[in-house]
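Colleague: I should be grateful for a close look at one part of this model, namely the helix packing and the residues around it. Please treat the contacts in one connected account.

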Amino acid sequence: MTSGLKIPSRYYMELITTFPPRPIDNELEYAATQTQINKILDKSELNSDDRAYLKILGLTIYDYEEQTESF
């Protein structure tokens, strides 16, 4: 039995079904992820599901930027 896992809310499931978080492989996916982040941030008030979803999207952005930055 796994403990500590939350059952996702219907709203969170809607978020990840509408725009599933996936590793970013190119600039088009990067731009689409940025657009999705901005769409959520444009809301007047964020709930815990919004913040959790943004965290996951932010991690994918960070990972892509780390892989593509030239030093």
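Modeller: The following account begins with a helix pair and then turns to individual residues. The model is a predicted one, and every value below is computed from it.

Helix α1 comprises residues 10-18 and helix α3 comprises residues 48-68; their axes lie 9 Å apart and meet at an angle of about 30 degrees. Because angles under 35 degrees count as roughly parallel, α1 is roughly parallel to α3. The crossing of α1 past α3 is right-handed. On the α1 side, the residues in contact are Y11, Y12, L15 and I16, and on the α3 side they are D49, D50, A52, Y53 and I56. By character, the residues of this contact divide into 7 nonpolar and 2 charged, with no polar ones.

Further consideration of α3 leads to T60, which has its place in that helix. T60 has a relative accessible area of 13%; since buried means under 20%, T60 is classed as buried. Apart from its neighbours within four places in sequence, T60 is in contact with R22, I24 and T33.

The last of these contacts, T33, leads to another helix, for T33 lies in α2, which spans residues 27-41. T33 has a relative accessibility of 5% and therefore also counts as buried. When residues up to four places away in sequence are not counted, T33 touches F19, I24, L57, T60 and I61. I24 is thus listed among the contacts of T60 and among those of T33. The side chain of T33 also has a polar atom 2.8 Å from the backbone oxygen of E29.

E29 takes part in a further polar contact, this one with N26: the side chain of N26 reaches the backbone nitrogen of E29 at 2.8 Å. The same side chain, that of N26, reaches the backbone nitrogen of L28 at 3.1 Å. The backbone of E29 is accordingly approached through its nitrogen by N26 and through its oxygen by T33.

N26 itself lies in the loop between α1 and α2. With a relative accessible area of 32%, N26 is partly exposed, whereas T33 is buried. Finally, N26 can be placed relative to the helix pair described at the outset: Y53 is one of the α3 residues that meet α1, and N26 and Y53 are 27 residues apart in sequence, with their C-alpha atoms 21 Å apart in space.

Terms used. Residues are numbered from 1 along each chain as its sequence is written. This is a predicted model: local features need pLDDT of at least 70, side-chain atom pairs count only at pLDDT 80 or more; totals for chains, interfaces and linings use all residues. Side-chain values use heavy atoms; hydrogens and water are left out. Axes are lines fitted to C-alpha atoms, for helices over the stretch in contact, and angles run from 0 to 180 degrees between N-to-C directions. Helices (H or I, at least four residues) and strands (E, at least two) are DSSP runs, numbered from the N terminus. Angles under 35 degrees count as roughly parallel, over 145 as roughly antiparallel, 65 to 115 as roughly perpendicular and the rest as oblique. A crossing is left-handed if the near helix is turned anticlockwise from the far one by less than a right angle, and right-handed if clockwise. Contact means heavy atoms within 4.5 Å. Ala, Val, Leu, Ile, Met, Phe, Trp, Tyr, Cys and Pro count as nonpolar, Asp, Glu, Lys and Arg as charged, and the others, Gly among them, as polar. Buried means under 20% relative accessible area, exposed over 50%, partly exposed in between (1.4 Å probe, protein chains only). A polar contact is a pair of N or O atoms within 3.5 Å; within protein, one must be able to donate a hydrogen and the other to accept it, and residues adjacent in sequence count only if both atoms are side-chain atoms.
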